[in-house]
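The following paragraphs walk through one protein model, beginning with a sheet and ending with individual side chains. Please keep the sequence and the coordinates open while reading.

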Amino acid sequence: QVELVESGGGLVQAGGSLRLSCAASGRFLSINTMGWYRQAPGNQRELVATITSGGSTNYADSVKGRFAISRDNAKNTVSLQMNTLKPEDTAVYYCRADIDVTVWEKRAYWGQGTQVTVSS
């Protein structure tokens, strides 16, 4: 059983910073792309940032220059440093990992979500 556990959400004032972390645990062969998504009330879940196992990153236009994604392959973790936060960044943030569970089974796993609230 594979599990993703997130931490680091909370309440912050506009202009502030938060750091989210996500750790994968369980039995699997390897982790491919990891990423962060978010969902605000009434909106669909949207991509925030992704990072491949080789370190290539991709960001939503709305967070470029403010957020930075990183990962530690040895620890099976991914982090999201969020700076210059805006009220429109308020959402539940979800960690996602594309995992090779076995040679034959590849699937995406999601964390339980962590709330980020940015006050104006």
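The model is predicted. A convenient starting point is an open sheet of four strands, arranged in the order β1-β3-β8-β7 with antiparallel pairing. β1 (3–7) and β7 (67–72) are the edge strands; each has a single partner, so one side of each is left without a neighbour in the sheet. Direction ignored, neighbouring strands of this sheet are turned by 15 degrees against each other on average.

Take the edge formed by β1 to begin with. Five bridges connect β1 to β3 (residues 18–25), and the two run antiparallel. Within this pairing, Leu4 lies opposite Ala24 of β3, and Glu6 lies opposite Cys22 of β3. The side chains of β1 alternate: Leu4 and Glu6 point to one face and are buried, while Glu3, Val5 and Ser7 point to the other face and are not buried. Glu6, a residue of the buried face, is therefore under the 20% limit of relative accessible area that the word implies.

The other edge is β7. Six bridges join β7 to β8 (residues 77–82), again in an antiparallel pairing. Ala68 stands opposite Gln81 in β8. β7 also has two faces: Phe67, Ile69 and Arg71 make up the covered one, and Ala68, Ser70 and Asp72 the uncovered one. Four residues lie between the strands in the hairpin of β7 and β8, where Asn76 takes a positive phi near 55 degrees.

Next come the aromatic side chains. A pair of aromatic rings is described by two quantities, the distance of the centres and the angle of the planes. The structure holds one aromatic pair. Its rings belong to Tyr37 and Trp110, with centres 5.1 Å apart and planes at 65 degrees; the pair is edge-to-face because the angle is over 60 degrees. The pair links distant parts of the chain, as Tyr37 is in β4 (residues 30–39) and Trp110 is in β10 (residues 106–110), 73 residues apart. Are the two partners buried or exposed? Tyr37 has a relative accessible area of 16% and is buried, whereas Trp110, at 33%, counts as partly exposed.

Two further rings have a charge placed over them. The charged end of Arg45 sits over the ring of Tyr94, 3.7 Å from the ring centre. Arg107 has its charged end over the ring of Tyr109, at 4.0 Å from the centre.

Asp100 belongs to strand β9 (residues 91–100). With a relative accessible area of 11%, Asp100 is buried. What does its side chain make a polar contact with? The partner is the side chain of Lys106, at 3.2 Å. Not counting residues up to four places away in sequence, Asp100 touches Phe28, Leu29, Ser30, Asn32, Glu105 and Lys106.

Arg27, in the loop between β3 and β4, gives a contrasting case. Its relative accessibility is 73%, so Arg27 counts as exposed. Apart from its neighbours within four places in sequence, Arg27 is in contact with Gln1, Val2 and Val101. For a sense of distance across the model, the C-alpha atoms of Arg27 and Leu80 are separated by 24 Å, with their positions 53 residues apart along the chain.

Conventions:
Residues are numbered from 1 along each chain as its sequence is written. This is a predicted model: local features need pLDDT of at least 70, side-chain atom pairs count only at pLDDT 80 or more; totals for chains, interfaces and linings use all residues. Side-chain values use heavy atoms; hydrogens and water are left out. Two strands pair if DSSP finds at least two bridges between them. Axes are lines fitted to C-alpha atoms, for helices over the stretch in contact, and angles run from 0 to 180 degrees between N-to-C directions. Buried means under 20% relative accessible area, exposed over 50%, partly exposed in between (1.4 Å probe, protein chains only). A polar contact is a pair of N or O atoms within 3.5 Å; within protein, one must be able to donate a hydrogen and the other to accept it, and residues adjacent in sequence count only if both atoms are side-chain atoms. Contact means heavy atoms within 4.5 Å. Rings of Phe, Tyr and Trp (its six-membered ring) pair if their centres lie within 6.5 Å; planes under 30 degrees apart count as stacked, over 60 as edge-to-face and the rest as tilted. A charge sits over a ring if NZ of Lys or CZ of Arg is within 6 Å of the ring centre and within 35 degrees of the ring normal.
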